[in-house]
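Welcome! Take a moment to look at the sequence and the 3D view, and then we will visit two places together: a cavity and a single residue.

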Amino acid sequence: MEEILTRLYNMTALSDLIADPSYLVMYCIAFVLLYLGIVKHYEPLLLIPIAFGVLIANFPGGDMGVLQATETGTVIKNGKEYNIWDMSLPAIAHDLGLMNFLYYMLIKTGFLPPVIFMGVGALTDFGPMLRNLRLAIFGAAAQCGIFLVLICSVMMGFTLKEAASLGIIGGADGPTAIFTTIKLAPHLLGPIAIAAYSYMALVPVIIPMVVKIFCTKKELMINMKEQDKLYPNKTEFKNMRTLKIIFPIAVTTIVAIFVPTAVSLIGMLMFGNLLKEIGSDTSRLFDTVSNSIMNTATVFLGLCVGATMTSQAFLNWTTIGIVIGGFLAFALSITAGIFMVKFVNLFSKKKINPLIGATGLSAVPMASRVCNDIATKYDPKNHVLNYCMSSNISGVIGSAVAAGVLISFLQFA
Amino acid sequence: MENLPEAFKLLVVGMLTVFCILLIVIYFGKLLIALVNKYAPEEVAKPAKAALKATPSAAVDQQTMSIIQAAVNQLTGGKGKVSKVEKV
């Protein structure tokens, strides 16, 4: 009888939980993330799969946690060493569990980030950017955080490749962060993906915090529509539809020529957008890309990223450094965008609301929504969404270009 | 720490590249707008007017007709025509 009870006790996760209470910390993190997603509605489509991934990855014996490979590809499970690069996918599924199979097949291969970019492109409207092209330059300024954190990380002792992967979190673009990390520092993929996606989901908290520090009430009340009336835009659009069809083709060509390493991201983004803009002829493809494929990719990406957050991988100083560095990168990117607007306002008669600089980091369209909420809080008639979308969308292009530069300079260094 | 000069180099090169590419995108966008305005201006008004004549009862006003025509144009890729609009 006692033997049966002992075996039953060992069968449950209780014995492991008592032996290693760090799992409880991870449950708390999962519950907080679930709370933020379900109750506070912080990017629920992203945060809920991630949070649930964290939860299911941390049940001892459940085999749902992603095992992080070292630089040489070694993973250790139950004391046994495996070389992940020598294993076939069925062997990974059999020996390391279902979640490792999904992770190594969909994420580690770099498959999902471009697929997600294709979906993002299909859901993006370049109209606001084309209508306010001059605001698109703030999407470049907001990439500053990436490179500043790269420098800070090097000073903290990270290698150049690791520092670049850490800095790219400041691009506020999950797929770009994953793509760059796969190329430069694959052993840090777990914590970097978690930091990038968590901060993207926490944009409604981070942007207002930075804006409150660096912007005055007077600046936040700059009404862009009134500025447009005072200093009207002379550009007229006689055929927006044709323009929107040519634009993704042209941007892909330009970026492909100058920064070929960014093509897998920008190319897929623009392909998705082209399917949308062509209209009825490609409506079936657009529907598939923007719904079925995008949703499927988001579910698997969220779960897999969450499952990388096991107590062993997360509760160590490297990860904590990445989480802090990631936050710094995010905050610096927003700050750089804000200060670029302030700088332009010094010389321009037509004033720009600094919130448009804050949206220069990607996180489309949440950053724009958040900034619009901030603007309407100060002046209910001041809707800046369309203007913010311009720098927000150019931020996606900017972060992909920054990633391309980092990859081409460091990949074979 | 020995990588610090390289990190600063990446800051300068990276930011310059991002600014240059986005400036190129912006000015190329402006060029595209000018070219499209010149060589492919949209012709919405004509079919809308023609279609309006085909509705003797004038059941819909010109603005509504233009909107319907624009929607049909978008859905059919410019191939479709509105010949009659009736209130049911």
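A search of the whole structure, which is a predicted model, turns up one cavity of 30 Å³ or more. Let's start with that cavity and then turn to L32(B) in chain B.

**The cavity**

- The largest cavity has a volume of about 30 Å³.
- Its lining is made up of G190(A), P191(A), I194(A), T308(A), M309(A), A313(A), F314(A) and T319(A).
- Two elements of chain A, α13 (189–201) and α20 (311–314), each give two or more residues to this lining.
- Which element gives the largest share of the lining? That is α13(A), with three residues.
- Sorted by class, the residues lining the largest cavity are five nonpolar and three polar, and no charged residues are found there.

**A look at L32(B)**

- To find L32(B), follow helix α1 of chain B, which covers residues 4–39.
- Is L32(B) buried or exposed? L32(B) counts as buried because its relative accessible area is 8%, and buried means under 20%.
- Once neighbours within four places in sequence are set aside, L32(B) is in contact with L243(A), I246(A), F247(A) and A250(A).
- Try picking out I21(B) as well: I21(B) and L32(B) lie 11 residues apart in sequence, and from C-alpha to C-alpha they are 16 Å apart in space.

Conventions:
Residues numbered from 1 in each chain as written. Chains lettered and ligands numbered in written order. Predicted model: local features only at pLDDT ≥ 70, side-chain atom pairs only at ≥ 80, totals over all residues. Heavy atoms only, no water. Helix = DSSP H or I, 4+ residues; strand = E, 2+ residues; numbered from the N terminus. Buried < 20%, exposed > 50% of the residue type's maximum accessible area, 1.4 Å probe, protein only. Contact = heavy atoms within 4.5 Å. 1 Å grid on protein atoms, 1.4 Å probe; cavity = no way out; pocket = protein on both sides within 12 Å on 5 of 7 lines; lining within 4 Å. Points joined across faces, edges and corners; volume = space filled by probe spheres on them. Nonpolar A, V, L, I, M, F, W, Y, C, P; charged D, E, K, R; others polar.
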